[in-house]
Amino acid sequence: MSDPRATLKTSPYWWETAPIRPLDQTPLEKTVDVAIVGAGYTGLTAALTLVRAGRSVAVFDRQHPGEGASTRNGGITSGNIRLGYQELARRFGEKRAIAIEAESKAAREHLYRMLAEEGMDCEFQQTGRFSGAVNAQDYDSLAREAEKLHRTLGIEAYAVPQSEQRQYVGTDFFRGGSVRMDVGGLQPARFFAELLRVAQAAGVVIHSETGVETIDQDPTGFKVKTTRGTLSARQVIISTNGYTDRSDPWLRRRLVPVRSRIIATEEISSNLMNTLMPRQMMTSDTRILGFYFRPSPDGKRILFGGRDGTYHDDYTKPVAYLRENLNALFPELEQTGLTHTWFGNVAMHRDMIPRIFSRNGMVYATGFCGSGVVWAPWMGRKAAQKILGQADEAPSAFDFRPPRAIPLYGGKPWFMPFFMSKFRMQDRIKMRRDGRT
Ligand SMILES: Cc1cc2nc3c(=O)[nH]c(=O)nc-3n(C[C@H](O)[C@H](O)[C@H](O)COP(=O)(O)OP(=O)(O)OC[C@H]3O[C@@H](n4cnc5c(N)ncnc54)[C@H](O)[C@@H]3O)c2cc1C
C-alpha cells in the first residue's frame, strides 16, 4: 500500500464544508455579569441562555471558537452514559441512577428541539444507531438494555439477531446487536457554526485567541486575567473540558483528556455504500475500546473513529490501527483510500459521569466522556440556569459534588499506556469468549 501520509489531510473532514471562522478581536469589556472560559458547544449554549435572560456575557477561547472537540467529533447524538444502571445505582443510589437515565432522554430531546426552533441547518438526520455485539453475552446485554429503554422511557429500541444484522450493517463481524431510533448524526462543525451564528445574533461577545490565565475572587466577584487584559466578572463558568490547560491545575487533576481519532474514506460507490450501511445508521460496538462509525452526511464516505492511544504527532500507528479495524468489519474496503485523519480530546472524570458543579463561586460543566454532542449543550444550559438561580426549578441529576482528584496525577495522563493495554487485553478476552483469536 502507498504511504498514506502522501495524501492524508490532518484537518477534520468537517472543516471542508464548515471551516473554522476566525473572529475579529474586539476590545475587552471592563465588567461583565458572566465570564465564560471555553467557546465550544458548552460555553456557547451557556452564553446564549444567559444573554437571552438579560445578562452581559464575555466568552473566551485560547484558540479559535470551536477549535476544541466541538468541530472535530463524530457528530453522533449518542448521549451515552458509560456506566450501566446497576453500576450507577451502586455508586450514586437508585434515585440518582433513575434521574440520570431520564435526563439523557431529556437532553437529546433538548438538542433536537434547539436545532428545530433555532433553524440550525447542520445536516441532522435521525437515522437511529446500531450497537454491534462482539460476543453472545454482549448481545444478551444489548437486548435487555433495549427492552428496558423501551419499557421505562418509551424509546423505540430493539434487539437485532445476527441473522437479520445485514439489514442494518453490512458485516458478519458482530454477533447481532441492538437499535435505538432516538439517535442520529449531524455535521458537528456546521452545528457549531450555527450555534455561533445564533449566539452572536443574540448578542454574545466572543474573544477569540484570548486565553484566560488566572481567575481570582474579589469583593465584587472575580478578576479574570486574560492574555489580552483583565476584566471583572460577577460570575464565571468554566467549560474547557478536554482542553483544560495549566491555568486551571485544580480541574486538571480531575479530568483526563483522551485522544479520539477519526479516519475518513474516499468516496465509495453508492452500490457498495448501500451494502455496507443500508440504513445509513450511526454504529458503535461493545468493546471497551470500542469503535464508532457513520456515513458522511451525503452518504458517500465512511467516517470511522476510535481511541488514538498516543500523545505525539506521528499518526502512522493510530491510523494503521483504525484502518485494520475498519477492514476487519468491511473487507470490501481494503483497496479504498483514506482522505482525512484528525484527532481531538474527549474528557473523562474518574467516575465517568459528566458534571455541573460549583467551586469557590464558579460553575463548572465538564467530563462528557466522548458524548458531548448531546451533553455539552444540555450542561451549558444547565450551568447558565444555575447562575440565573433557576436550578431548583429543574434540578439536574448531574449537579452534585465535584469530581474527585486522581491520585498522583497533575494533567499528564502517564497511566494511559497501562490502561490502554489493560483494556485491549479485556477486549481480547471478550472476543476469545466468542471463539475468535
Ligand atoms: C474525535 C472525537 C470524536 C467525538 N465523537 C463524538 C460523537 O460522535 N458524539 C458525541 O456526542 N461526542 C463526541 N465527541 C465529544 C464531543 O466533541 C465533546 O464532548 C464536546 O464537543 C465538548 O464540548 P465543550 O464545549 O465542552 O468542549 P470543547 O469544544 O473542547 O471546547 C473547550 C474549549 O476551551 C478552550 N480553552 C481551554 N482552556 C482555556 C483557557 N484557559 N482560556 C480560554 N480558552 C480555553 C479550548 O481552546 C476549547 O476550544 C467526540 C470528540 C472527539 C475529539
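Reader: Before we get to helix α8, what does buried mean here?

Author: This is a predicted model, and each residue is judged by its relative accessible area. Over 50% is exposed, and partly exposed is in between. Buried means under 20%.

Reader: Which residues of α8 are buried?

Author: Helix α8 covers residues 316-329. With that cut-off of under 20% relative accessible area, the list takes in Arg323, Asn325 and Asn327 among others. In full, the buried residues of α8 are Pro318, Val319, Tyr321, Leu322, Arg323, Asn325, Leu326, Asn327 and Leu329.

Reader: And what covers those buried residues of α8?

Author: The cover includes strands as well as a helix. The helix is α10 (416-432). Among the strands are β10 (256-265), β12 (292-295), β13 (302-307) and β14 (338-348).

Reader: How far does α8 reach from its first C-alpha to its last?

Author: Helix α8 has 14 residues, and at 1.5 Å a residue 20 Å is expected. The model comes close to that, with a reach of 20 Å.

Reader: Turning to α1, how many of its 12 residues are buried?

Author: Helix α1 (residues 41-52) has end C-alpha atoms 17 Å apart, which agrees with the 16 Å it should span. The buried residues run from Tyr41 and Thr42 through Gly43, Leu44, Thr45, Ala46, Ala47, Leu48, Thr49 and Leu50 to Val51. The helix is largely enclosed by the rest of the structure, because the number buried is 11 of the 12.

Reader: What phi does Gly54 take, just after α1?

Author: Gly54 follows just after the helix, and its phi is positive. The value is about 90°.

Reader: How are α2 and α3 oriented to each other?

Author: The axes of α2 (residues 85-92) and α3 (residues 94-117) come within 7 Å and cross at roughly 135°. The crossing is right-handed. Angles over 145 degrees would count as roughly antiparallel and 65 to 115 as roughly perpendicular, so α2 and α3 are oblique.

Reader: Which residues make that contact, and how do they divide into nonpolar, polar and charged?

Author: From α2 come Tyr85, Leu88, Ala89 and Phe92, and from α3 Glu94, Arg96, Ala97, Ile98, Ile100 and Glu101. They divide into 7 nonpolar, no polar and 3 charged.

Reader: Is Glu123 buried or partly exposed?

Author: Glu123 lies in the loop between α3 and β3 (129-132). Its phi is near 55°, a positive value in a residue other than glycine. With 28% relative accessibility, Glu123 counts as partly exposed.

Reader: What is the relative accessible area of Asn360?

Author: Asn360 sits in the loop between β15 (355-359) and β16 (362-366), with a positive phi near 50°. It is partly exposed, and its relative accessible area is 44%.

Key:
Residues are numbered from 1 along each chain as its sequence is written. This is a predicted model: local features need pLDDT of at least 70, side-chain atom pairs count only at pLDDT 80 or more; totals for chains, interfaces and linings use all residues. Side-chain values use heavy atoms; hydrogens and water are left out. Helices (H or I, at least four residues) and strands (E, at least two) are DSSP runs, numbered from the N terminus. The expected span of a helix is 1.5 Å times one less than its number of residues. Buried means under 20% relative accessible area, exposed over 50%, partly exposed in between (1.4 Å probe, protein chains only). Contact means heavy atoms within 4.5 Å. Axes are lines fitted to C-alpha atoms, for helices over the stretch in contact, and angles run from 0 to 180 degrees between N-to-C directions. Angles under 35 degrees count as roughly parallel, over 145 as roughly antiparallel, 65 to 115 as roughly perpendicular and the rest as oblique. A crossing is left-handed if the near helix is turned anticlockwise from the far one by less than a right angle, and right-handed if clockwise. Ala, Val, Leu, Ile, Met, Phe, Trp, Tyr, Cys and Pro count as nonpolar, Asp, Glu, Lys and Arg as charged, and the others, Gly among them, as polar.
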